[in-house]
Each structure stands twice: as structure tokens, then as C-alpha cells.
Amino acid sequence: MQRHLISAADLTRDDAVLILDTAEEMARVADRPIKKLPTLRGRTVVNLFFEDSTRTRISFEAAEKRLSADVINFTAKGSSVSKGESLKDTAQTLEAMGVDAVVIRHSASGAPYRLANSGWIDAAVINAGDGTHQHPTQALLDAFTMRRRLVGRDTGLGRDLAGRRITIVGDVLHSRVARSNVDLLHTLGAEVTLVAPPTLLPVGVETWPCEVSYDLDSTLPKSDAVMMLRVQRERMNAAFFPTEREYSRRYGLDGDRMARMPEHAIVMHPGPMVRGMEITAEVADSGRCTVVEQVANGVSIRMAVLYLLLGGNEPAVTHARIEEK
Amino acid sequence: MDTHSDARPVLEGPDIARVLTRIAHEIVERAKGADDVVLLGIPTRGVFLARRLAAKLEEITGRTIASGSLDITMYRDDLRMHPPRALARTEIPGDGIDGRLVVLVDDVLFSGRTIRAALDALNDIGRPRAVQLAVLVDRGHRELPIRADYVGKNLPTSLRETVKVQLAEEDGRDTVLLGVKPDAPGDQR
């Protein structure tokens with residue numbers, strides 16, 4: 001029985017809908033005077049962050065604390081833990097301390113999978129982003145935001161995103177958010193279109209369950225949600241496009257482009273935004289932009305995932321594919 | 001729908017309606033007019049009972065009666081013994097419960113553990129003036145020092161028996177069924 005959350009592709013449609021429905025109830029806790037539930041009392045969760053992260057770590061920490069778990073933050077920045085052997089040592093240290101779950105962010109794709117399947121550790125492993133591979137809780141919170149906005153808070157309960165057209169724009173090559181979203185949105189029945197310059201699309205993208213386009217303007221009128229990805233400046237020395245201005249002109253979302261989207265369509269961004277690059281301030285500050293909502297929804301989604309993986313004697317989430325052979 | 005083939009009804013639709021009317025009158029009597037009453041049903045069927053009670057109270061008092069729901073899943077003491085359960089809705093009426101008389105409403109009172117969890121849940125939501133408990137059926141076998149203030153029907157049962165409440169909103173009809181556990185030891189005939 002799998003009790004980890006490593007990839008959005010592991011989730012079945014029913015699992016994903018259960019997580020979204022649970023998150024809807026968790027969201028109501030945020031409206032109460034005492035934002036705390038006793039559900040994970042006595043369980044220890046370690047946030048193992050080998051890579052910089054502000055919002056994901058804070059979001060997980062808030063979710064863990066709202067469920068009354070004991071939280072240990074482990075920031076490995078500057079140490080040599082990115083080497084395989086050291087990950088093992090770290091894992092065994094945590095195992096010896098008796099942790100129940102590990103939330104891991106790592107710059108190497110596959111590190112959470114390794115941790116979950118190596119036998120080093122008995123705890124549940126939750127992937128909080130690994131390299132350019134996956135970021136499943138981000139995909140879940142994005143799907144949650146879309147369902148709330150496009151289907152409705154209460155009418156959305158029990159329903160997926162069948163037939164919704166989602167466009168993901170930008171640096172797909174380096175984006176674990178894009179990968180996770182393509183997997184999860186496909187599972188939930190949505191039609192995904194990736195829009196990016198050819199240089200920022202990974203090899204093999206034609207095998208993904210989505211459409212690919214190089215032309216943003218023709219895609220916008222057919223979109224229910226447009227997700228802008230951050231242009232990762234730190235990687236731009238590899239010259240993926242000629243100039244930032246050219247990228248911004250062809251793939252950036254400004255007010256004129258937003259006006260071409262359908263009336264009900266929303267603009268999403270996983271953050272942090274680079275204003276003036278992939279998104280203009282006009283769009284970022286408009287009522288159609290859900291960035292702040294996504295952050296709030298992130299806490300609810302992570303509470304739901306923690307509850308469903310740790311709340312009982314076995315996880316409520318089954319898995320579509322068995323990872324261990 | 002009915003899995004207990006040999007289950008027999010102990011309360012039928014009209015009985016349930018009469019019982020709820022009586023409980024409503026008792027609430028008005030004990031709460032001296034039910035001015036500050038908030039009815040909170042425990043999902044699933046407690047919520048429907050709370051709504052029906054609220055409607056009866058409104059008939060009697062001529063005032064609007066606040067009613068809502070209180071999901072106790074996250075406060076259960078047996079969470080670690082089962083896979084996580086799906087959550088139900090907690091809906092607290094707009095004015096909150098601070099200083100009000102909260103009447104918890106559930107279908108069957110058995111071990112009392114659900115009510116203990118409900119008291120814990122209430123604690124995180126506010127501070128009522130008092131908390132009372134109304135149940136449609138009290139089947140005994142308490143495991144905690146908890147009793148109901150308003151009981152629809154006292155139903156002495158053995159642990160081998162099951163009590164199943166069906167309500168029109170959820171099950172299509174109103175009835176309380178007394179059956180025998182299918183896998184109960186000593187049930188092999």
C-alpha cells in the first residue's frame with residue numbers, strides 16, 4: 001500500500017476529487033476563531049527542505065500546525081546533503097527520531113521517490129517539489145482554485161474539471177509545476193494546452209497528455225484558465241530566447257491579451273511573479289488574477305493531504321500505479 | 001437500500017413526526033421560550049433532524065430558530081483505528097454560538113463517544129451558555145458519562161442488535177429499524 005505523495009500522476013480521479021472535497025472542508029477552519037484541529041496530535045512531521053522555498057514551506061508548516069502535528073523544520077541549505085549517501089544518513093537520523101511524515105523539497109528530481117522507496121525510512125513521504133520533476137500539492141491547489149472559480153465552491157463538491165480548457169504558458173522545460181498540472185488536470189478531465197517558445201519545451205512533450213502551441217494569442221480566447229509560469233532568470237544564461245523583451249512581448253500576459261480571454265476566465269500564477277516579465281502589474285492586480293487565493297488554498301490542500309495520509313491507521317488515498325515492483 | 005432483511009421497524013414516519021413535535025415542545029419549556037437556542041445537527045442524519053426540529057420550534061415560537069451542522073470527524077477518538085473518513089460540512093449559524101443555548105441533535109445515542117467529540121469540536125468554535133443533547137433514539141450501552149436531555153425513544157438493545165435510522169431526506173423514507181448484526185457471534189443459525 002502506497003502511503004506517499006510523490007507525483008500527481010499517481011493520483012486517480014477519485015483520489016484527487018476526495019482531496020479537493022476534503023480541502024473544501026479544511027478551508028472552513030480558516031474562518032473560525034480557533035484555527036486548529038486536534039487530528040494529528042502526537043504525530044511528528046519534518047519539513048526537509050534542501051532547496052530554497054518560502055511559500056511552500058510556510059504553507060506546509062501552517063497546515064501541519066493547524067492539524068496539531070509537531071513540526072520540525074530542517075533546512076539543509078549550504079550542507080552537503082544533496083549527495084545520495086547523505087540523504088540516506090539524514091533519512092536514518094529522522095527515522096531514529098521517530099517521525100511520522102517527511103515533507104521533502106530537493107533540487108534533484110527523484111529524491112522524494114528514492115526516500116520513499118529505499119527502505120531507509122518508515123515515514124510517509126510528501127513531495128514538496130523535486131528538481132524539474134513534480135510538485136503535486138501545487139497542482140492540487142491549482143486544481144482546487146480552478147474548481148472553486150470555474151465550477152463553484154459548493155456546486156463543485158464531488159466534481160472534477162471535465163471539459164475545462166486550461167492553458168499553461170512559459171518555461172515548461174524547467175517547470176515541475178507544469179508537469180504536475182498536466183498530469184493532474186488530465187486525470188480530472190480538463191484539456192490542457194502548453195504555450196511556450198520551442199526552446200522552453202522539453203524533449204518528449206508530444207507524449208504528454210496535452211496540446212502544445214507556440215502562439216499565445218490564438219489560445220487565449222479558448223481558455224477557461226491561463227496559468228503563467230515564472231521566467232526563471234537564473235537559468236536564462238543558457239539563451240533560451242533572444243531577449244527578455246521579446247519573450248515578454250510574445251508570451252507575456254498584459255491587459256490587452258487578458259481582454260481577449262473569455263469573460264469568466266481566470267489568470268493563475270504559482271508565484272513568485274516577475275512583474276513586467278511574464279505578467280504585467282495590471283493583470284497581476286486585477287480581480288481575475290488568483291495568486292493570493294492560490295496561496296490561501298495551498299494551506300487547505302496541504303491540510304487535506306496530511307489528513308488523508310496520516311489521519312487514520314492507513315491512507316485514504318489509493319494509487320493508480322504501483323511504484324514498487 | 002435496506003440491508004437488514006430481517007430488520008423490524010420500531011418507529012414509523014408518523015411516530016418520528018410526533019416524537020420531534022414533543023421534543024420541540026420540551027425544548028421550548030426547558031429553555032423558557034427558546035430565545036437563544038441554536039440547533040446543531042451531527043452529520044449525516046442529525047442535520048436533517050435539526051432542520052426539522054428548527055421548523056417545529058419556529059411553528060411553536062413564531063421566531064426564526066438558528067440551525068446548523070457540526071462535523072465531528074476530526075475530533076473522533078478512533079481516528080487512528082480506521083482509514084481517514086471523508087469530512088462532512090460544519091455550518092455554524094451567522095451569529096455564532098457564544099452565550100447561546102446549543103442543542104446538539106443526533107439520530108442514535110449509543111456509546112456517547114460521538115457526543116464527546118462534538119463537545120470538543122464546540123470548544124474550538126465558541127463558548128455556549130449551555131449545551132444540551134437531543135436524540136431520536138437512545139439505545140443504551142454508554143461508554144462515557146453522557147446522557148441526553150431530550151430522547152425520542154428509549155430503545156433497550158443488546159450489543160448484537162443494530163439500530164438504523166432512515167430519514168426521507170437521505171433514505172427516501174422515515175423509519176427506525178432494529179436489526180441483528182450480520183456478522184455477530186452467535187448469529188449463525
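In this predicted model, strand 6 (residues 191–195) of chain A and strand 7 of chain A are joined by 3 bridges and pair in the parallel sense. Within this pairing, Leu194(A) is found opposite Val212(A) of strand 7 of chain A. The two strands belong to an open sheet of 5 strands in chain A, whose order is 7-6-5-8-9 and whose pairing is parallel. At its edges stand strand 7 (211–213) and strand 9 (266–268) of chain A, each of which pairs on one side only. On average, and with direction ignored, neighbouring strands of this sheet are turned by 20° against each other. In a regular strand, side chains alternate between the two faces of the sheet.

A helix accompanies this sheet. Helix 6 (residues 176–187) of chain A lies across strand 5 (165–169), strand 6 and strand 8 (225–228) of chain A. Relative to strand 6 of chain A, helix 6 of chain A runs at about 160°.

The division of the chain into domains may be considered next. Chain A comprises domain 1, formed by 8–135 + 298–310, and domain 2, formed by 136–294. The C-alpha centres of domain 1 and domain 2 of chain A are 25 Å apart. Their contact takes 25 residues from domain 1 of chain A and 25 residues from domain 2 of chain A. On the side of domain 1 of chain A that touches domain 2 of chain A, the elements giving two or more residues are helix 1, strand 4 (124–130) and helix 11 of chain A. Helix 1 of chain A supplies the largest share of that side, with 8 residues. By class, this side of domain 1 of chain A has 11 nonpolar, 8 polar and 6 charged residues.

Helix 1 of chain A therefore merits a closer description. Two packed helices are described by the angle between their axes and by the distance between those axes. Helix 1 (residues 13–29) of chain A packs against helix 5 (residues 136–151) of chain A at an angle of about 70°, and their axes are 10 Å apart. Because of this angle, helix 1 of chain A is roughly perpendicular to helix 5 of chain A. The crossing of helix 1 of chain A past helix 5 of chain A is right-handed. From helix 1 of chain A, the contact is made by Ala16(A), Ile19(A), Leu20(A) and Ala23(A); from helix 5 of chain A, by Leu140(A), Ala143(A), Phe144(A) and Arg147(A). These contact residues divide into 7 nonpolar, no polar and 1 charged.

Helix 1 of chain A also takes part in the contact between chains. In that contact, 19 residues of chain A meet 14 residues of chain B. Helix 1 and helix 11 (291–310) of chain A are the elements that give two or more residues to the side of chain A that touches chain B. The largest share of this side, 5 residues, is provided by helix 1 of chain A. Its classes are 8 nonpolar, 5 polar and 6 charged residues.

Chain B itself offers two antiparallel pairings that share strand 8 (residues 175–180) of chain B. Strand 1 (residues 8–12) of chain B pairs with strand 8 of chain B in the antiparallel sense over 4 bridges, and Glu12(B) stands opposite Thr175(B) in strand 8 of chain B. Strand 7 (residues 161–166) of chain B runs antiparallel to strand 8 of chain B and is joined to it by 6 bridges. Here Thr162(B) is placed opposite Gly179(B) of strand 8 of chain B.

Notes
Residues numbered from 1 in each chain as written. Chains lettered and ligands numbered in written order. Predicted model: local features only at pLDDT ≥ 70, side-chain atom pairs only at ≥ 80, totals over all residues. Axes fitted to C-alpha atoms, helices over the stretch in contact; angles between N-to-C directions. Parallel < 35°, antiparallel > 145°, perpendicular 65-115°, else oblique. Left-handed = near helix turned anticlockwise from the far one by under 90°. Contact = placed C-beta atoms within 7 Å. Nonpolar A, V, L, I, M, F, W, Y, C, P; charged D, E, K, R; others polar. Domains from an automatic or database assignment. Pairing = 2+ DSSP bridges.
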